[in-house]
Amino acid sequence: MNKTKTVRAWSGAVGTATVAALALGMLAGAPAQAAPGDVISQGSGQLLNGSLLSYPNFALDLKNGAATAINDGTTADVVANQPLDLSALGILNVGAGNIPLLGNNGIIQLGAVGQYGHAVNDGSSEAFSGLVSGAPSLVTLPGNLPVAGDPALPAARVMVGTAGLLGGADLVNIDLQVGVLAAAAKQDVDAAPVGQYNVAGVSASVGGTLIEGVANTLNPVLNPVLAALSVAGVTIANPLASGKIAISEADLLAAAGVANINALPAGTDLLQYLPQAVVTKVTAIVNDLLTAINSAVAGLNPVAAIAVNLVLPALRTVIVSLLSGLNASLLAPLGTAVSNIAALKVNVQTTTAGTFTQTALQLSLLNGTLTTIDLASASVGPNLTTAAIPVVNKDSLAIAGGLGLIVLLGMFVVRRRRNGATSTAAMA
(Lines give C-alpha, C1' and ligand atoms only; values in the text may rest on other atoms or scores of the structure.)
Protein backbone atom coordinates (compact mmCIF):
# COMPACT_ATOMS: atom_id res chain seq x y z
CA MET A 1 0.00 0.00 0.00
CA ASN A 2 2.79 2.44 0.96
CA LYS A 3 4.80 1.45 -2.08
CA THR A 4 1.80 2.11 -4.28
CA LYS A 5 1.30 5.57 -2.72
CA THR A 6 4.95 6.39 -3.25
CA VAL A 7 4.78 5.39 -6.90
CA ARG A 8 1.64 7.46 -7.37
CA ALA A 9 3.21 10.49 -5.69
CA TRP A 10 6.32 10.22 -7.79
CA SER A 11 4.18 9.77 -10.89
CA GLY A 12 2.24 12.90 -9.95
CA ALA A 13 5.44 14.89 -9.56
CA VAL A 14 6.68 13.61 -12.87
CA GLY A 15 3.35 14.57 -14.44
CA THR A 16 3.55 18.05 -12.98
CA ALA A 17 7.09 18.41 -14.23
CA THR A 18 6.04 17.17 -17.64
CA VAL A 19 3.24 19.73 -17.91
CA ALA A 20 5.58 22.50 -16.79
CA ALA A 21 8.21 21.34 -19.22
CA LEU A 22 5.66 21.35 -22.02
CA ALA A 23 4.60 24.85 -21.06
CA LEU A 24 8.21 25.93 -21.00
CA GLY A 25 8.73 24.31 -24.37
CA MET A 26 5.73 26.14 -25.79
CA LEU A 27 7.09 29.42 -24.42
CA ALA A 28 10.54 28.92 -25.77
CA GLY A 29 9.57 27.26 -29.01
CA ALA A 30 6.58 29.34 -30.12
CA PRO A 31 6.84 29.95 -33.85
CA ALA A 32 7.89 33.50 -34.91
CA GLN A 33 9.00 35.18 -38.11
CA ALA A 34 11.98 36.85 -36.50
CA ALA A 35 14.67 35.82 -34.07
CA PRO A 36 15.72 37.57 -30.87
CA GLY A 37 18.11 40.37 -31.68
CA ASP A 38 16.30 41.41 -34.87
CA VAL A 39 15.03 45.00 -35.07
CA ILE A 40 11.54 45.15 -33.61
CA SER A 41 10.99 48.90 -33.86
CA GLN A 42 12.90 52.08 -34.58
CA GLY A 43 12.41 55.84 -34.45
CA SER A 44 14.80 58.61 -35.49
CA GLY A 45 14.69 62.41 -35.21
CA GLN A 46 17.07 64.32 -37.45
CA LEU A 47 17.35 68.10 -37.76
CA LEU A 48 19.51 68.14 -40.89
CA ASN A 49 19.88 65.59 -43.63
CA GLY A 50 20.60 65.77 -47.33
CA SER A 51 23.08 65.60 -50.14
CA LEU A 52 25.68 67.97 -51.52
CA LEU A 53 27.05 67.33 -55.01
CA SER A 54 29.52 64.45 -54.58
CA TYR A 55 28.94 64.52 -50.81
CA PRO A 56 25.89 62.22 -50.94
CA ASN A 57 24.98 62.26 -47.25
CA PHE A 58 26.86 64.97 -45.42
CA ALA A 59 24.73 64.42 -42.32
CA LEU A 60 26.69 61.24 -41.65
CA ASP A 61 29.65 63.45 -40.76
CA LEU A 62 27.65 65.46 -38.28
CA LYS A 63 28.51 64.54 -34.72
CA ASN A 64 25.33 62.95 -33.34
CA GLY A 65 23.78 63.46 -36.75
CA ALA A 66 20.49 61.88 -35.67
CA ALA A 67 18.81 60.73 -32.48
CA THR A 68 18.09 57.14 -33.47
CA ALA A 69 16.45 54.58 -31.17
CA ILE A 70 16.50 50.90 -32.23
CA ASN A 71 14.79 48.20 -30.16
CA ASP A 72 15.90 44.59 -30.68
CA GLY A 73 13.71 43.12 -27.96
CA THR A 74 16.35 42.96 -25.26
CA THR A 75 14.76 45.87 -23.37
CA ALA A 76 11.33 47.41 -23.12
CA ASP A 77 12.18 50.95 -24.23
CA VAL A 78 15.02 52.59 -26.12
CA VAL A 79 15.27 56.40 -26.06
CA ALA A 80 17.71 58.60 -28.02
CA ASN A 81 17.79 62.37 -27.57
CA GLN A 82 21.32 63.56 -28.32
CA PRO A 83 21.32 67.09 -29.82
CA LEU A 84 22.88 67.99 -33.15
CA ASP A 85 26.48 69.21 -33.29
CA LEU A 86 27.27 71.26 -36.39
CA SER A 87 30.96 71.71 -35.68
CA ALA A 88 31.99 68.95 -38.09
CA LEU A 89 30.64 70.93 -41.05
CA GLY A 90 31.61 74.43 -40.00
CA ILE A 91 34.02 74.77 -42.92
CA LEU A 92 31.74 73.40 -45.65
CA ASN A 93 31.36 76.21 -48.22
CA VAL A 94 29.23 76.23 -51.35
CA GLY A 95 28.29 78.32 -54.39
CA ALA A 96 30.15 80.84 -56.49
CA GLY A 97 30.66 83.01 -53.42
CA ASN A 98 32.16 80.13 -51.41
CA ILE A 99 29.73 80.86 -48.59
CA PRO A 100 29.21 78.60 -45.54
CA LEU A 101 26.39 76.12 -45.84
CA LEU A 102 25.86 75.93 -42.08
CA GLY A 103 26.65 77.87 -38.95
CA ASN A 104 27.21 81.57 -38.32
CA ASN A 105 26.55 83.62 -41.48
CA GLY A 106 25.75 80.39 -43.28
CA ILE A 107 22.88 79.61 -45.62
CA ILE A 108 21.25 77.56 -42.85
CA GLN A 109 21.27 78.61 -39.21
CA LEU A 110 19.43 76.89 -36.38
CA GLY A 111 17.98 78.15 -33.13
CA ALA A 112 17.50 76.13 -29.93
CA VAL A 113 16.24 72.85 -31.40
CA GLY A 114 16.33 69.20 -30.40
CA GLN A 115 15.86 65.70 -31.80
CA TYR A 116 14.35 62.55 -30.28
CA GLY A 117 13.70 58.88 -31.08
CA HIS A 118 11.77 56.27 -29.06
CA ALA A 119 11.41 52.56 -29.86
CA VAL A 120 9.35 50.05 -27.84
CA ASN A 121 9.61 46.25 -27.86
CA ASP A 122 5.90 45.88 -28.72
CA GLY A 123 6.54 47.06 -32.29
CA SER A 124 5.72 50.76 -31.83
CA SER A 125 7.96 53.82 -32.21
CA GLU A 126 7.92 57.61 -32.44
CA ALA A 127 10.30 60.40 -33.41
CA PHE A 128 10.63 64.18 -33.35
CA SER A 129 12.98 67.00 -34.35
CA GLY A 130 12.75 70.78 -34.23
CA LEU A 131 11.65 73.43 -31.76
CA VAL A 132 10.61 71.60 -28.59
CA SER A 133 7.88 74.11 -27.71
CA GLY A 134 6.40 73.64 -31.18
CA ALA A 135 6.25 69.83 -31.10
CA PRO A 136 3.11 68.42 -32.77
CA SER A 137 0.59 66.71 -30.49
CA LEU A 138 1.32 63.41 -32.20
CA VAL A 139 4.21 62.72 -29.80
CA THR A 140 4.80 63.27 -26.10
CA LEU A 141 8.36 64.41 -25.48
CA PRO A 142 10.27 63.71 -22.27
CA GLY A 143 10.98 66.67 -20.03
CA ASN A 144 14.19 68.66 -20.42
CA LEU A 145 14.93 67.39 -23.92
CA PRO A 146 18.49 68.51 -24.78
CA VAL A 147 18.75 71.22 -27.44
CA ALA A 148 21.50 72.77 -29.54
CA GLY A 149 21.82 75.88 -31.69
CA ASP A 150 21.70 79.62 -31.08
CA PRO A 151 18.86 80.56 -28.69
CA ALA A 152 18.97 84.13 -30.03
CA LEU A 153 17.78 82.88 -33.43
CA PRO A 154 14.35 81.66 -34.46
CA ALA A 155 14.01 77.92 -34.99
CA ALA A 156 15.62 78.23 -38.42
CA ARG A 157 17.05 80.90 -40.70
CA VAL A 158 17.74 80.53 -44.43
CA MET A 159 19.84 83.14 -46.28
CA VAL A 160 20.25 82.78 -50.05
CA GLY A 161 21.05 85.09 -52.95
CA THR A 162 21.89 84.99 -56.63
CA ALA A 163 25.34 86.55 -56.18
CA GLY A 164 26.37 84.12 -53.46
CA LEU A 165 25.18 81.02 -55.29
CA LEU A 166 25.59 81.93 -58.97
CA GLY A 167 27.91 84.91 -59.00
CA GLY A 168 27.29 88.07 -61.01
CA ALA A 169 24.61 90.62 -60.17
CA ASP A 170 22.71 90.11 -56.93
CA LEU A 171 19.27 90.06 -58.54
CA VAL A 172 17.60 88.87 -55.35
CA ASN A 173 18.68 88.01 -51.84
CA ILE A 174 16.39 86.44 -49.25
CA ASP A 175 16.73 86.35 -45.49
CA LEU A 176 13.95 84.01 -44.39
CA GLN A 177 13.22 83.22 -40.75
CA VAL A 178 11.04 80.44 -39.35
CA GLY A 179 9.82 80.94 -35.80
CA VAL A 180 8.41 77.42 -35.35
CA LEU A 181 9.86 74.38 -37.09
CA ALA A 182 9.01 70.84 -35.99
CA ALA A 183 8.21 67.39 -37.35
CA ALA A 184 6.90 64.23 -35.70
CA ALA A 185 6.23 60.66 -36.82
CA LYS A 186 4.59 57.77 -35.01
CA GLN A 187 3.76 54.14 -35.65
CA ASP A 188 1.49 52.36 -33.20
CA VAL A 189 1.36 48.58 -32.79
CA ASP A 190 0.15 46.92 -36.01
CA ALA A 191 -0.80 50.32 -37.47
CA ALA A 192 0.33 52.41 -40.41
CA PRO A 193 2.81 55.22 -39.68
CA VAL A 194 1.56 58.79 -39.51
CA GLY A 195 3.27 62.18 -39.45
CA GLN A 196 2.63 65.76 -38.40
CA TYR A 197 4.57 68.97 -38.89
CA ASN A 198 4.45 72.51 -37.58
CA VAL A 199 5.77 75.52 -39.51
CA ALA A 200 4.82 78.99 -38.33
CA GLY A 201 6.14 82.48 -37.76
CA VAL A 202 7.62 82.73 -41.25
CA SER A 203 8.96 86.10 -42.37
CA ALA A 204 11.43 87.31 -44.99
CA SER A 205 13.48 90.33 -45.93
CA VAL A 206 13.88 90.52 -49.72
CA GLY A 207 16.46 92.70 -51.43
CA GLY A 208 18.64 92.77 -54.53
CA THR A 209 18.94 94.80 -57.70
CA LEU A 210 15.37 94.01 -58.78
CA ILE A 211 13.99 95.63 -55.63
CA GLU A 212 16.46 98.48 -55.95
CA GLY A 213 15.17 99.05 -59.49
CA VAL A 214 11.79 100.05 -58.08
CA ALA A 215 13.41 102.50 -55.69
CA ASN A 216 15.65 103.87 -58.45
CA THR A 217 12.59 104.55 -60.60
CA LEU A 218 10.74 106.30 -57.81
CA ASN A 219 13.49 108.18 -55.97
CA PRO A 220 14.24 110.88 -58.60
CA VAL A 221 10.69 112.22 -58.31
CA LEU A 222 10.04 111.18 -54.69
CA ASN A 223 13.03 112.86 -53.07
CA PRO A 224 12.13 116.41 -54.23
CA VAL A 225 8.63 115.96 -52.77
CA LEU A 226 9.99 114.70 -49.43
CA ALA A 227 12.52 117.56 -49.36
CA ALA A 228 9.82 120.18 -50.00
CA LEU A 229 7.68 118.69 -47.24
CA SER A 230 10.65 118.75 -44.88
CA VAL A 231 11.16 122.48 -45.54
CA ALA A 232 7.47 122.97 -44.74
CA GLY A 233 7.98 121.16 -41.42
CA VAL A 234 6.63 117.70 -42.35
CA THR A 235 8.92 114.68 -42.24
CA ILE A 236 8.01 111.55 -44.20
CA ALA A 237 10.59 108.77 -44.53
CA ASN A 238 11.30 107.05 -47.82
CA PRO A 239 10.02 103.47 -47.24
CA LEU A 240 12.18 102.12 -50.06
CA ALA A 241 15.44 103.69 -48.87
CA SER A 242 16.77 100.43 -47.39
CA GLY A 243 16.38 98.52 -50.64
CA LYS A 244 14.62 95.76 -48.68
CA ILE A 245 11.00 94.63 -48.62
CA ALA A 246 9.74 93.03 -45.42
CA ILE A 247 7.38 90.09 -46.04
CA SER A 248 5.31 88.65 -43.21
CA GLU A 249 3.67 85.24 -42.97
CA ALA A 250 0.34 86.95 -43.63
CA ASP A 251 1.76 88.39 -46.88
CA LEU A 252 2.86 84.92 -48.01
CA LEU A 253 -0.46 83.32 -47.06
CA ALA A 254 -2.39 86.01 -48.94
CA ALA A 255 -0.36 85.25 -52.05
CA ALA A 256 -0.92 81.52 -51.55
CA GLY A 257 -4.63 81.94 -50.87
CA VAL A 258 -4.72 79.85 -47.68
CA ALA A 259 -5.43 80.62 -44.03
CA ASN A 260 -2.28 79.03 -42.61
CA ILE A 261 0.85 77.25 -43.75
CA ASN A 262 -0.34 73.90 -42.47
CA ALA A 263 -3.26 74.11 -44.92
CA LEU A 264 -0.90 73.93 -47.92
CA PRO A 265 -0.76 70.65 -49.85
CA ALA A 266 2.16 68.36 -49.06
CA GLY A 267 5.32 69.30 -50.94
CA THR A 268 4.29 72.91 -51.66
CA ASP A 269 7.15 75.33 -52.37
CA LEU A 270 6.72 78.34 -50.08
CA LEU A 271 9.12 80.49 -52.10
CA GLN A 272 6.91 80.34 -55.20
CA TYR A 273 4.59 82.79 -53.44
CA LEU A 274 7.35 85.22 -52.52
CA PRO A 275 7.44 87.25 -55.80
CA GLN A 276 3.70 87.94 -55.72
CA ALA A 277 3.92 88.81 -52.03
CA VAL A 278 6.70 91.31 -52.81
CA VAL A 279 4.77 92.93 -55.67
CA THR A 280 1.67 93.23 -53.50
CA LYS A 281 3.72 94.72 -50.67
CA VAL A 282 5.49 97.22 -52.96
CA THR A 283 2.12 98.31 -54.33
CA ALA A 284 0.78 98.83 -50.81
CA ILE A 285 3.92 100.71 -49.72
CA VAL A 286 3.79 103.11 -52.67
CA ASN A 287 0.05 103.73 -52.35
CA ASP A 288 0.38 104.33 -48.61
CA LEU A 289 3.25 106.71 -49.29
CA LEU A 290 1.20 108.73 -51.77
CA THR A 291 -1.73 108.82 -49.34
CA ALA A 292 0.54 110.13 -46.58
CA ILE A 293 1.97 112.82 -48.89
CA ASN A 294 -1.48 113.99 -50.06
CA SER A 295 -2.67 114.15 -46.47
CA ALA A 296 0.40 116.17 -45.45
CA VAL A 297 -0.06 118.65 -48.32
CA ALA A 298 -3.72 119.11 -47.44
CA GLY A 299 -2.66 120.19 -43.97
CA LEU A 300 -0.17 122.84 -45.14
CA ASN A 301 -0.94 126.53 -45.41
CA PRO A 302 -1.31 127.73 -49.01
CA VAL A 303 2.12 129.34 -49.15
CA ALA A 304 3.95 126.28 -47.83
CA ALA A 305 1.98 124.01 -50.14
CA ILE A 306 3.13 125.88 -53.27
CA ALA A 307 6.62 124.35 -53.28
CA VAL A 308 5.31 120.84 -52.76
CA ASN A 309 2.63 121.14 -55.43
CA LEU A 310 5.28 122.10 -57.97
CA VAL A 311 6.98 118.70 -57.73
CA LEU A 312 4.04 116.49 -56.70
CA PRO A 313 2.48 115.97 -60.19
CA ALA A 314 5.68 114.32 -61.49
CA LEU A 315 5.62 111.88 -58.58
CA ARG A 316 2.00 110.97 -59.21
CA THR A 317 2.71 110.32 -62.89
CA VAL A 318 5.66 108.05 -62.13
CA ILE A 319 3.71 106.13 -59.46
CA VAL A 320 0.87 105.38 -61.87
CA SER A 321 3.31 104.13 -64.48
CA LEU A 322 5.36 102.19 -61.94
CA LEU A 323 2.47 100.33 -60.38
CA SER A 324 0.84 99.47 -63.69
CA GLY A 325 4.08 97.91 -64.93
CA LEU A 326 5.12 95.94 -61.83
CA ASN A 327 4.08 92.58 -63.28
CA ALA A 328 6.54 92.99 -66.13
CA SER A 329 9.28 94.93 -64.35
CA LEU A 330 9.30 93.06 -61.04
CA LEU A 331 7.02 90.02 -60.77
CA ALA A 332 8.30 88.08 -63.78
CA PRO A 333 12.06 88.61 -63.30
CA LEU A 334 11.79 88.15 -59.53
CA GLY A 335 9.94 84.86 -60.03
CA THR A 336 12.66 83.63 -62.36
CA ALA A 337 15.46 84.71 -60.04
CA VAL A 338 13.93 83.07 -56.96
CA SER A 339 13.12 79.78 -58.70
CA ASN A 340 16.65 79.60 -60.09
CA ILE A 341 18.33 79.74 -56.70
CA ALA A 342 16.04 78.06 -54.17
CA ALA A 343 12.87 76.18 -53.33
CA LEU A 344 11.53 75.57 -49.84
CA LYS A 345 8.98 72.78 -49.73
CA VAL A 346 6.71 72.33 -46.73
CA ASN A 347 5.32 69.03 -45.40
CA VAL A 348 7.37 66.50 -47.34
CA GLN A 349 6.45 62.85 -46.69
CA THR A 350 8.35 59.84 -48.02
CA THR A 351 8.41 56.07 -47.49
CA THR A 352 11.61 54.22 -48.41
CA ALA A 353 12.21 50.52 -47.71
CA GLY A 354 9.50 50.55 -45.05
CA THR A 355 10.75 53.69 -43.30
CA PHE A 356 8.24 56.55 -43.16
CA THR A 357 9.69 60.07 -42.87
CA GLN A 358 7.90 63.32 -42.11
CA THR A 359 9.91 66.44 -42.98
CA ALA A 360 8.79 69.93 -42.00
CA LEU A 361 10.80 71.86 -44.63
CA GLN A 362 13.01 70.78 -47.52
CA LEU A 363 15.46 73.30 -48.98
CA SER A 364 16.74 72.82 -52.53
CA LEU A 365 19.47 75.05 -53.94
CA LEU A 366 19.97 75.59 -57.67
CA ASN A 367 17.03 73.33 -58.50
CA GLY A 368 18.55 70.56 -56.39
CA THR A 369 21.75 70.36 -58.42
CA LEU A 370 23.77 71.91 -55.59
CA THR A 371 22.03 70.46 -52.57
CA THR A 372 18.73 69.31 -51.13
CA ILE A 373 18.50 69.50 -47.36
CA ASP A 374 15.75 68.29 -45.05
CA LEU A 375 15.09 70.62 -42.12
CA ALA A 376 13.45 68.85 -39.15
CA SER A 377 12.67 65.24 -40.05
CA ALA A 378 11.16 62.38 -38.06
CA SER A 379 11.28 58.73 -39.20
CA VAL A 380 9.70 55.52 -37.94
CA GLY A 381 9.90 51.90 -39.10
CA PRO A 382 10.13 49.45 -40.51
CA ASN A 383 8.60 47.91 -37.39
CA LEU A 384 7.55 44.30 -36.81
CA THR A 385 3.90 43.36 -36.43
CA THR A 386 2.75 41.65 -33.24
CA ALA A 387 2.75 38.25 -34.92
CA ALA A 388 6.36 38.65 -36.02
CA ILE A 389 7.81 39.82 -32.69
CA PRO A 390 9.92 37.03 -31.10
CA VAL A 391 8.34 35.48 -27.99
CA VAL A 392 11.71 34.77 -26.40
CA ASN A 393 13.56 37.83 -25.33
CA LYS A 394 15.63 38.73 -22.31
CA ASP A 395 12.61 39.07 -20.02
CA SER A 396 10.75 35.97 -21.16
CA LEU A 397 13.90 33.84 -20.90
CA ALA A 398 14.38 34.94 -17.31
CA ILE A 399 10.78 34.04 -16.49
CA ALA A 400 11.07 30.70 -18.24
CA GLY A 401 14.34 29.89 -16.47
CA GLY A 402 12.82 30.74 -13.10
CA LEU A 403 9.79 28.53 -13.81
CA GLY A 404 12.02 25.62 -14.77
CA LEU A 405 14.07 25.94 -11.57
CA ILE A 406 10.90 26.00 -9.44
CA VAL A 407 9.64 22.82 -11.11
CA LEU A 408 12.92 20.97 -10.54
CA LEU A 409 13.04 22.02 -6.88
CA GLY A 410 9.44 20.90 -6.45
CA MET A 411 10.24 17.49 -7.90
CA PHE A 412 13.21 17.12 -5.53
CA VAL A 413 11.16 18.08 -2.41
CA VAL A 414 8.29 15.75 -3.31
CA ARG A 415 10.65 12.84 -3.85
CA ARG A 416 12.48 13.44 -0.57
CA ARG A 417 9.25 13.60 1.41
CA ARG A 418 7.81 10.48 -0.19
CA ASN A 419 11.04 8.56 0.32
CA GLY A 420 11.06 9.58 3.98
CA ALA A 421 7.45 8.50 4.42
CA THR A 422 8.13 5.15 2.79
CA SER A 423 11.12 4.48 5.06
CA THR A 424 9.11 5.27 8.18
CA ALA A 425 6.29 2.97 7.10
CA ALA A 426 8.73 0.13 6.40
CA MET A 427 10.31 0.42 9.88
CA ALA A 428 6.87 0.27 11.46
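1. What span should the 23 residues of helix α6 have at 1.5 Å a residue, and how far apart are its end C-alpha atoms? In this predicted model, helix α6 covers residues 302-324 and should span 33 Å, and because its end C-alpha atoms lie 32 Å apart, the two values agree.

2. Helix α6 nevertheless carries a kink of about 35 degrees, which is centred on V308. The residue V308 is also buried, as are A305, L312, L315, I319 and L322 of α6. The cover over the buried residues of this helix includes α3 (209-231), α5 (274-298) and α7 (326-341).

3. The pairing of α3 with α6 can be described further. Their axes come within 8 Å and cross at roughly 160 degrees, and since angles over 145 degrees count as roughly antiparallel, α3 is therefore roughly antiparallel to α6. The crossing of these two helices is left-handed. On the α3 side the contact is made by V214, T217, L218, V221, L222, P224, V225, A228 and L229, and on the α6 side by A307, V308, V311, L312, A314, L315, V318, I319 and L322.

4. A separate point concerns P193, which sits in the loop between β10 (173-187) and β11 (194-207). Its relative accessibility is 29%, so P193 counts as partly exposed, given that buried means under 20% and exposed over 50%.

5. When neighbours within four places in sequence are left aside, P193 is in contact with K186, Q187, F356 and V380. Between P193 and S379 there is a separation of 186 residues in sequence, while their C-alpha atoms are 9.2 Å apart in space.

Technical notes: Residues numbered from 1 in each chain as written. Predicted model: local features only at pLDDT ≥ 70, side-chain atom pairs only at ≥ 80, totals over all residues. Heavy atoms only, no water. Helix = DSSP H or I, 4+ residues; strand = E, 2+ residues; numbered from the N terminus. Expected span 1.5 Å × (residues − 1). Bend = angle between axes of the 7 residues up to and from the residue. Buried < 20%, exposed > 50% of the residue type's maximum accessible area, 1.4 Å probe, protein only. Contact = heavy atoms within 4.5 Å. Axes fitted to C-alpha atoms, helices over the stretch in contact; angles between N-to-C directions. Parallel < 35°, antiparallel > 145°, perpendicular 65-115°, else oblique. Left-handed = near helix turned anticlockwise from the far one by under 90°.
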